[in-house]
Amino acid sequence: MEALLEDFPVITEVPVAWGEMDALQHVNNVIYFRYFESARLDYFNRLELMEKAKKTGIGPVLSHAECFFKIPVTHPDTLLIGSRVSDIQDDRLTMEYRIVSKKLGKVTTTGKATAVMFNFKTGTKAILSDDVKEAINSIESQ
């Protein structure tokens, strides 16, 4: 399974909860966005992005998210969610996600999300700081 996630520097492990399944007896589609959110926050924590947002008033706001379902996931299972930054621009970053099922040993889901930097004090877009860009490059080069 490591080979399936080798291009993803941050891995988040999430158990599948029984309550995440829907009437069709697989994890409901909306739950995958929560999985991506957990992975995104793990990545942001590595960047100390949320702590910086508290101090500066500038932080990420999700502007776009997409998900591609490949194989249904069911309870019980544990998922490994790989995350990486695939694009950095002046005011935003795009992340990619890959979910691997431990039970199936396969990629079940992939996705992308773009977060725009936002100044919560002024209500306007902000620039992605150089120190955050450097931290991303450091994580991605591991």
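Buried here means under 20% relative accessible area and exposed over 50%, with partly exposed in between (1.4 Å probe, protein chains only). The model is a predicted one, so local features need pLDDT of at least 70 and side-chain atom pairs count only at pLDDT 80 or more, while totals for chains, interfaces and linings use all residues. Residues are numbered from 1 along each chain as its sequence is written, and side-chain values use heavy atoms, with hydrogens and water left out.

On to the aromatics. Rings of Phe, Tyr and Trp (its six-membered ring) pair if their centres lie within 6.5 Å; planes under 30 degrees apart count as stacked, over 60 as edge-to-face and the rest as tilted. Searching the whole structure turns up five aromatic pairs. In one of them, Tyr 32 and Tyr 35, the ring centres are 5.7 Å apart and the planes stand at 80 degrees, so the pair is edge-to-face. Both tyrosines are buried, and both sit in helix 1, three residues apart, or about one turn of the helix. Helices (H or I, at least four residues) and strands (E, at least two) are DSSP runs, numbered from the N terminus. Phe 69 joins Tyr 32 and Tyr 35 in one aromatic cluster.

Phe 36 and Tyr 97 make another pair: with centres 4.6 Å apart and planes at 15 degrees, the two rings count as stacked. This contact links distant parts of the chain, since Phe 36 belongs to helix 1 and Tyr 97 to strand 4, 61 residues apart. Phe 36 is buried at 2% relative accessibility, and Tyr 97 is buried at 1%. A ring also meets a charge: the charged end of Arg 84 sits over the ring of Phe 8, 4.2 Å from its centre (the criterion being NZ of Lys or CZ of Arg within 6 Å of the ring centre and within 35 degrees of the ring normal).

Helix 3 has two sides to it. In this helix (residues 130-140), Val 132, Ile 136 and Ile 139 are buried. Viewed down the axis, the buried residues fall within an arc of 65 degrees, so they line one face of helix 3; the arc is that of the directions from the helix axis to the C-beta atoms. Asp 130 and Glu 134, on the other side of helix 3, are exposed. The cover over the buried residues includes helix 1 (29-47), helix 2 (49-56), strand 1 (10-15), strand 3 (78-88) and strand 4 (92-101), where contact means heavy atoms within 4.5 Å.

Next come the salt bridges, of which the whole structure has six; each is a side-chain nitrogen of Lys or Arg within 4 Å of a carboxyl oxygen of Asp or Glu. Glu 13 and Lys 102 form one at 3.5 Å, N to O. Glu 13 is in strand 1 and Lys 102 in the loop between strand 4 and strand 5 (106-119), so this bridge ties together parts 89 residues apart in sequence. Lys 102 is partly exposed at 38% relative accessibility.

Helix 3 takes part too, as Lys 133 bridges to Asp 90 at 3.9 Å, N to O. That pair spans 43 residues, from the loop between strand 3 and strand 4, home of Asp 90, to Lys 133 in helix 3. Asp 90 is exposed, at 52% relative accessible area.

Asp 91, from the loop between strand 3 and strand 4, pairs with Lys 125 in strand 6 (residues 124-125), so parts 34 residues apart in sequence are tied together. The closest N and O atoms of Lys 125 and Asp 91 are 3.1 Å apart. Lys 125 is exposed at 52% relative accessibility, whereas Asp 91 is buried at 13%. Through shared partners, salt bridges join Asp 91, Arg 92 and Lys 125 into one network.
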